[in-house]
Every structure is written in structure tokens, then in C-alpha cells.
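Biologist: I've never looked at this one before. Could you walk me through it while I ask the questions?

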Amino acid sequence: MLATIYDEVMAHVDYEKWTNYIVSLFEKYDKKPQSILELSCGTGNVLLSLTSKKYNIFGLDLSFEMVRIAYEKAITRNININYFQADMTCFSLKRPVDVVICLYDSINYLDDFSKWQQLFDNVYDALVEQGLFIFDICTEKNSMKYFSNYTETGSGSSFEYLRESSYDRKQKIHQNQFTIKFDGDDNRYIESHQQRIYTINEIQNFISQSHFQCLDAFNGFSFRKADEEALRVHFVLEKASLND
């Protein structure tokens, strides 16, 4: 149900800022990608913004409804984006791409490193040699500062919603629950989302055992070295040769 109201609920997000930052990372590492795959692409807002840069673009999401909405938005704008429904820990491409991105803390939905391993294996296979894998996480500071016992209410064109968020510091679990009521419908629809919060050190240790080289980890939307005081951290990885 969240997919149907997602764009209105997330209207505050500056997708152009996200796009510009990703492109700045390409430039920083002297990459000139032709093709980009976004994992957990949602309703396709980042990819729609990236189309102005003339990339060959692909997007996948676990939610069929998210993919359907993203596809319809692209068709309405007469934009060619290749969307498909898939789990980001289990997908394959006909041919490798230059860059894989996984944004807006989507990777936090993977609740243990065995799932990270499945993701990394799939991304490795999906990338060309020296291709980039860019993803971001939300940090414990973000959960503690903004979403510990947080409540938000809002409404849109034909609905109203209640968001209730909490953070279990012991279990490192960030919980979001949405209660949605549509106009003319007496039912209330509940959708829960759970994320695992990881430390930067945990993630860097995992990456060091992978087939990727960590080029950098940055405090969100900057080129400053990441630390646990950040609210969001962007990791930039490069596919290493298995012979390295």
C-alpha cells in the first residue's frame, strides 16, 4: 500500500541533490559510465533524474507495485528505462553494467551479513571490470536523533497516514510502521518496515573480505571521511579482479 502514496509522502526528498552527488562521485574517480543499474529503485525518481545525463538505465525493486508505478512514470514522460521486479540479493543481467547504485539506505533492509554477501556476489557479477558499486547507509546517530519514538501524521490527494518509528538500540533495529487510510475506504492498511543499523567499522570489515575495493566512505553528500557522527554514509566500491 505504501507504494501508492510513496511519491507524495516523500515529496520533501531532493532527488536532484542525490543525482548530482552520484554524478560527482563518477567525476571524482574519473569514471565515464554508459550504463547504470539501481537496486531497490522504488518509484524511479533517481533514475528519472539520471536520464538527463544520457545513461543507459536499469532499475529493479522487490515490490511489483513500486516497479509498476516507476514504469508508468517513465512511459508518461516518453523515457526509456528498463525496469524489472527482483530481489537485490538474487538477480542477474544479460550483460554487465558500469555502475550499480543502491540508495536511500535500502541496504539497511538486509538484516545480516549473509544477505550482504548474496548482494555483493550479485553486484560483482553485474559489473564490468573496475565498475563502481555505490551505496549508502543510515547510521545509529540518525536513528537515535530523529526516529527514536517518532510519530508523524500527514495527508495527500486522497489519503491520510500515520507513521510510527522506533529504534531498539540493543538489537540495532529501526522500525517504521505506516497506517494508511484512503478516502472513501473505511479500512486502515498497516505496512511495517524494518532496518538493521550497522557501524561503519562493521561494514568496512565486511568489505575488506569481499571482492571489492573500498575507494572511500564519505559523510553523506560530501567528500569528508565518514565517521559515526554522520547521519548518512556513502560507500564507493570498485570491482576488483579475482586475480588481484
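What follows is a short chat that goes from the whole protein down to single residues.

Biologist: Let's start simple. How many helices and strands does the protein have?
Modeller: Keep in mind that this is a predicted model. The secondary structure of the protein comes to seven helices and 11 strands.

Biologist: What radius of gyration does the protein have, and what would a compact globule have?
Modeller: The C-alpha trace spans about 60 × 45 × 30 Å along its principal axes. A compact globule with 244 residues would have a radius of gyration near 18 Å. The protein agrees with that, because its own value is 18 Å.

Biologist: What share of the residues counts as buried?
Modeller: The accessible surface comes to about 12,400 Å², and 46% of that belongs to carbon and sulfur atoms. As for the contacts with a separation of 6 or more, 63% are between residues 24 or more positions apart. Of the 244 residues, the share that counts as buried is 50%.

Biologist: Now the open sheet with the order 6-7-8-9. Which strands stand at its edges?
Modeller: Four strands form this sheet, and their pairing is antiparallel. An edge strand has a single partner strand, so one side of it is left without a neighbour in the sheet. That applies to strand 6 (150–155) and strand 9 (189–196).

Biologist: By how many degrees are neighbouring strands of this sheet turned against each other on average?
Modeller: Strands of a sheet pair through backbone hydrogen bonds, either parallel or antiparallel. Here the pairing is antiparallel. With direction ignored, the average turn between neighbouring strands is 15 degrees.

Biologist: Which residue in strand 9 is the bridge partner of asparagine 176?
Modeller: Strand 8 (residues 173–182) runs antiparallel to strand 9, and eight bridges join the two. For asparagine 176, the partner in strand 9 is histidine 193.

Biologist: Over to helix 7 (residues 200–208). How wide an arc do its buried residues cover around the axis?
Modeller: The buried residues there are Ile200, Ile203, Phe206 and Ile207. They sit on the same side of helix 7, because the arc they cover is only 130 degrees.

Biologist: And what covers those buried residues of helix 7?
Modeller: One helix on the list is helix 5 (113–126). The cover also includes strand 5 (127–138), strand 10 (212–219) and strand 11 (232–239).

Biologist: Is leucine 119 buried or exposed?
Modeller: Leucine 119 lies in helix 5. Beyond its neighbours in sequence, it touches Leu39, Met88, Thr89, Ile107, Leu110 and Phe133. Its relative accessible area is 0%, and buried means under 20%, so leucine 119 is buried.

Biologist: How far apart in space are leucine 119 and glutamine 209?
Modeller: Along the sequence, 90 residues separate the two. From C-alpha to C-alpha, the distance is 14 Å.

Biologist: Threonine 89 is in a loop. Is it buried or exposed?
Modeller: That loop runs between strand 3 (82–85) and strand 4 (97–102). Among the residues threonine 89 touches are Leu110, Lys115 and Leu119. Because its relative accessible area is 9%, threonine 89 counts as buried.

Biologist: Last one. What is the relative accessible area of arginine 68?
Modeller: Arginine 68 is found in helix 4 (residues 64–76). Its C-alpha is 22 Å from that of glutamate 160, with their places 92 residues apart in sequence. Arginine 68 is partly exposed, with a relative accessible area of 30%.

Methods:
Residues numbered from 1 in each chain as written. Predicted model: local features only at pLDDT ≥ 70, side-chain atom pairs only at ≥ 80, totals over all residues. Heavy atoms only, no water. Buried < 20%, exposed > 50% of the residue type's maximum accessible area, 1.4 Å probe, protein only. Contact = heavy atoms within 4.5 Å. Arc of directions from axis to C-beta. Pairing = 2+ DSSP bridges. Axes fitted to C-alpha atoms, helices over the stretch in contact; angles between N-to-C directions. Rg over C-alpha atoms; globule rule 2.2 N^0.38 Å. Areas by Shrake-Rupley, 256 points an atom, 1.4 Å probe, with all protein chains shown as cover. Lists of a residue's contacts leave out its neighbours within four places in sequence.
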